[in-house]
Structures are given as structure tokens and as C-alpha cells.
Amino acid sequence: MTLSYSVPSSLEYFASLVQSDDHFPLLEAAASLAQDEYPELDMQQLLGDVDQMLARLKRRLPADAPSLQRLRTLNQFFFVDLGFAGNVNNYYDPENSYLNAVLRTRRGIPISLAVVWMELAQGLGLHARGIGFPGHFMVKVLLPKGQVVLDPITGQSLSREELAERLEPYKRQSGLVDDYDVPLGLYLQAATPRDIIARMLRNLKEVHRSQQDWQRLVAVQDRLIVLLPQAWGERRDRGLAHAELGDASQAVADLEAYLDNVEDGLDVDLIADRLSALRGTRS
């Protein structure tokens with residue numbers, strides 16, 4: 001008898017990683033986003049490289065090192081010795097979201113740097129979590145004497161006053177001032193791994209959309225729909241990208257699904273008109 005098996009596609013592999021919130025491997029899921037651009041990426045090698053970084057880091061610390069010492073040693077290792085930093089010269093390069101490139105160049109954007117940093121922090125036994133702060137992803141660490149919020153671009157700890165100052169432009173733009181103001185603490189809630197991957201994908205989405213790279217945008221939308229199957233806006237956006245590529249049948253299916261599930265969206269009339277036009281081109 002001949003045994004045969006098929007290698008899962010990169011999207012199937014991603015789906016297997018993100019199917020459960022109880023066992024969600026953040027680093028691996030984040031690293032897998034690069035497989036659309038790097039189909040031959042050796043995921044086990046990448047994960048092993050991070051494990052080796054953690055092993056090097058652990059050798060610098062006694063087993064009973066207090067939390068603050070572990071945090072300081074991690075920041076020295078990550079930001080100073082290894083030189084991880086923000087890619088300020090090319091911030092909107094999609095490579096900044098691909099962990100294989102981030103590990104190679106040691107440059108990234110806040111959220112990609114944060115994913116690697118948090119993996120090392122948690123490997124040291126630190127209680128580290130990501131924060132979906134508006135406009136600039138942050139990390140926080142719970143220490144015996146309280147919580148520290150850090151900028152993953154620099155490792156700098158930020159006071160409540162500095163965080164409030166960074167938040168001010170967003171709050172004004174969103175109308176969250178005066179009677180509509182909300183406490184700073186609401187912006188410092190821990191992001192779930194699913195939230196983090198969704199934000200990474202939406203960063204890529206905006207880059208590809210701004211460049212009108214519809215083929216890459218569809219690949220990102222495929223992942224967002226697997227990750228967030230009830231986010232019907234993502235189905236709509238994939239349909240519109242398919243339309244740009246001339247894939248009328250795929251576009252119609254996605255836009256129909258959007259209209260079937262979103263009855264009170266502000267754009268339902270516009271999408272219905274687009275759908276009608278696409279049905280005409282398909283017939």
C-alpha cells in the first residue's frame with residue numbers, strides 16, 4: 001500500500017495555528033504571515049533562532065534573578081547588544097511585518113518588535129503583554145511594585161503623563177474629549193494574541209491597499225477572514241480587491257456575503273450598486 005499525504009498550504013497552516021484562543025502560539029502565527037511573500041520560509045529554523053536568543057539571554061541571569069533585573073537585562077540584550085530598533089527610514093515597508101526580515105535586519109515596526117520581545121520576556125518568566133495602543137503598539141510588564149509600560153521601539157518606560165500626551169491627538173481626532181473622555185487605563189488593556197495578529201495583518205492591508213497591490217491584499221484578506229470569520233467588513237474588502245483584479249465571481253461571492261450579514265452598514269447601498277455592476281460583467 002502506498003501512503004500519500006499533502007503538505008498544507010500556508011493558509012491552512014495559519015488556520016491550524018489560530019483556531020483556538022486557548023492554545024494560540026503568537027510568535028509562530030506572527031512568523032507565518034511572511035509565508036505569502038516567502039513560501040520557502042523555514043518556520044522551524046526561525047523559531048529555533050528565537051529559542052537560541054532566549055538561551056543566550058538566560059545565561060546572563062542567575063536563576064533567582066528578580067523581575068526588575070530580568071527586565072533590565074532583556075532590554076540591554078534586545079535593544080543595545082542586538083540593536084533591535086524601529087525602521088524609521090522605511091516605516092511602511094511590508095518587510096517590517098515579516099518576522100524573518102525583522103530578525104535578519106533587526107529593524108521593524110512597534111508590533112513586530114513587540115512580538116519578538118514578548119517571546120523573550122515570557123521565556124524569562126516575566127508577565128509581559130501587548131497593548132493595542134492607538135497608533136503605536138506598546139508592551140507592559142507586571143512587576144512586584146506595579147506595572148511598567150514600554151515602547152517596543154526603544155525599550156523606554158513611559159509615565160502616565162507621557163502616555164496621555166501620546167494619546168491626546170487620537171482622542172481629539174476621535175472626539176473623545178470633555179464629556180466623552182475615557183480613562184487612560186482603558187487604552188492599556190492587554191491585547192489578546194488574536195488581536196495582535198489582526199493588527200499585524202491590518203498593517204499589511206493598509207500598505208498593500210495604498211500601493212494598489214491587489215494580489216497581495218487578497219492574500220492578507222484571506223488570512224483576516226480565517227482569523228476573524230465574523231468580521232464581515234473584511235469579506236467586503238476582499239471582494240473589492242477581487243473586483244480590482246477582474247475576478248468577478250470571487251468578488252460577487254464576497255460582496256453577497258457582506259450584504260447578507262450587514263443590514264445597517266453605512267455603505268450597503270454603495271456595495272449593492274457595485275455588486276449589481278459586477279453581476280453584469282460576469283454574465
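A residue is called buried here when its relative accessible area is under 20%, and in this predicted model Phe 79, with a relative accessible area of 12%, is therefore buried. By the criterion of under 20%, Phe 78 is likewise buried, its relative accessible area being 0%, and Phe 84, for which the value is 3%, is buried as well.

These three residues are joined through their rings. The structure holds 5 aromatic pairs, among them the pair of Phe 78 and Phe 79, which is edge-to-face, with 4.9 Å from centre to centre and 85° between the planes. Phe 78 also pairs with Phe 84, and this pair is stacked, with the centres 4.3 Å apart and the planes at 5° to each other. Through such ring pairs, Phe 78, Phe 79 and Phe 84 are linked into a cluster.

The sheet considered next is open and consists of 3 strands in the order E3-E4-E5, with antiparallel pairing. Its edges are formed by strand E3 (127-131) and strand E5 (146-150), each of which pairs on one side only. On average, and with direction ignored, neighbouring strands of this sheet are turned by 25° against each other. Strands of a sheet pair through backbone hydrogen bonds, in either a parallel or an antiparallel manner. Strand E4, which comprises residues 138-143, runs antiparallel to E5 and is joined to it by 5 bridges; within this pairing, Val 139 stands opposite Leu 150 of E5.

Two helices accompany the sheet. Helix H4 (residues 67-81) packs on the sheet and touches E4 and E5, its direction making about 150° with that of E4. Helix H6, formed by residues 110-123, lies across E3, E4 and E5 and runs at about 165° to E3.

Thr 73 has its place in helix H4 and offers a view of the environment of that helix. With a relative accessible area of 16%, Thr 73 falls under the 20% limit and is therefore buried. The side chain of Thr 73 reaches the backbone oxygen of Gln 69 at 2.8 Å. In an α-helix there are 3.6 residues a turn, so residues three or four places apart point the same way. When neighbours within four places in sequence are left aside, Thr 73 is in contact with Leu 57, Arg 60 and Leu 61.

Further along the chain, the geometry of helix H9 (residues 214-227) was compared with the expected rise. At 1.5 Å a residue, the 14 residues of H9 should span 20 Å, and the C-alpha atoms at its ends are 20 Å apart, which agrees with that expectation. The buried residues of H9 are Trp 214, Leu 217, Val 218, Val 220, Gln 221, Arg 223, Leu 224, Ile 225 and Leu 227, a list in which polar side chains such as Gln 221 and Arg 223 are included. The cover over the buried residues of H9 includes helix H1 (10-18), helix H2 (26-32), helix H8 (193-210) and helix H10 (232-245).

Arg 238, which lies in helix H10, has a relative accessibility of 16% and therefore counts as buried under the 20% limit. Apart from residues up to four places away in sequence, Arg 238 touches Val 218, Gln 221, Asp 222, Ile 225 and Asp 254. Of these contacts, Val 218, Gln 221 and Ile 225 are among the buried residues of H9, whereas Asp 254 is one of the buried residues of H11.

Helix H11 (residues 248-261) was examined in a similar way. Its 14 residues, at 1.5 Å a residue, should span 20 Å, and the distance of 20 Å between its end C-alpha atoms agrees. Within H11, the residues Ala 248, Ala 251, Val 252, Asp 254, Leu 255, Ala 257 and Tyr 258 are buried.

Finally, two loop residues stand out through their backbone torsions. Arg 106, found in the loop between helix H5 (99-105) and strand E2 (107-108), has a phi near 60°, a positive value in a residue other than glycine. At 30% relative accessibility, Arg 106 counts as partly exposed. Gln 212, found in the loop between H8 and H9, is not a glycine either, yet has a positive phi of about 55°. With a relative accessible area of 56%, Gln 212 lies over the 50% limit and is therefore exposed.

Methods: Residues are numbered from 1 along each chain as its sequence is written. This is a predicted model: local features need pLDDT of at least 70, side-chain atom pairs count only at pLDDT 80 or more; totals for chains, interfaces and linings use all residues. Side-chain values use heavy atoms; hydrogens and water are left out. Helices (H or I, at least four residues) and strands (E, at least two) are DSSP runs, numbered from the N terminus. The expected span of a helix is 1.5 Å times one less than its number of residues. Buried means under 20% relative accessible area, exposed over 50%, partly exposed in between (1.4 Å probe, protein chains only). Contact means heavy atoms within 4.5 Å. Two strands pair if DSSP finds at least two bridges between them. Axes are lines fitted to C-alpha atoms, for helices over the stretch in contact, and angles run from 0 to 180 degrees between N-to-C directions. A polar contact is a pair of N or O atoms within 3.5 Å; within protein, one must be able to donate a hydrogen and the other to accept it, and residues adjacent in sequence count only if both atoms are side-chain atoms. Rings of Phe, Tyr and Trp (its six-membered ring) pair if their centres lie within 6.5 Å; planes under 30 degrees apart count as stacked, over 60 as edge-to-face and the rest as tilted.
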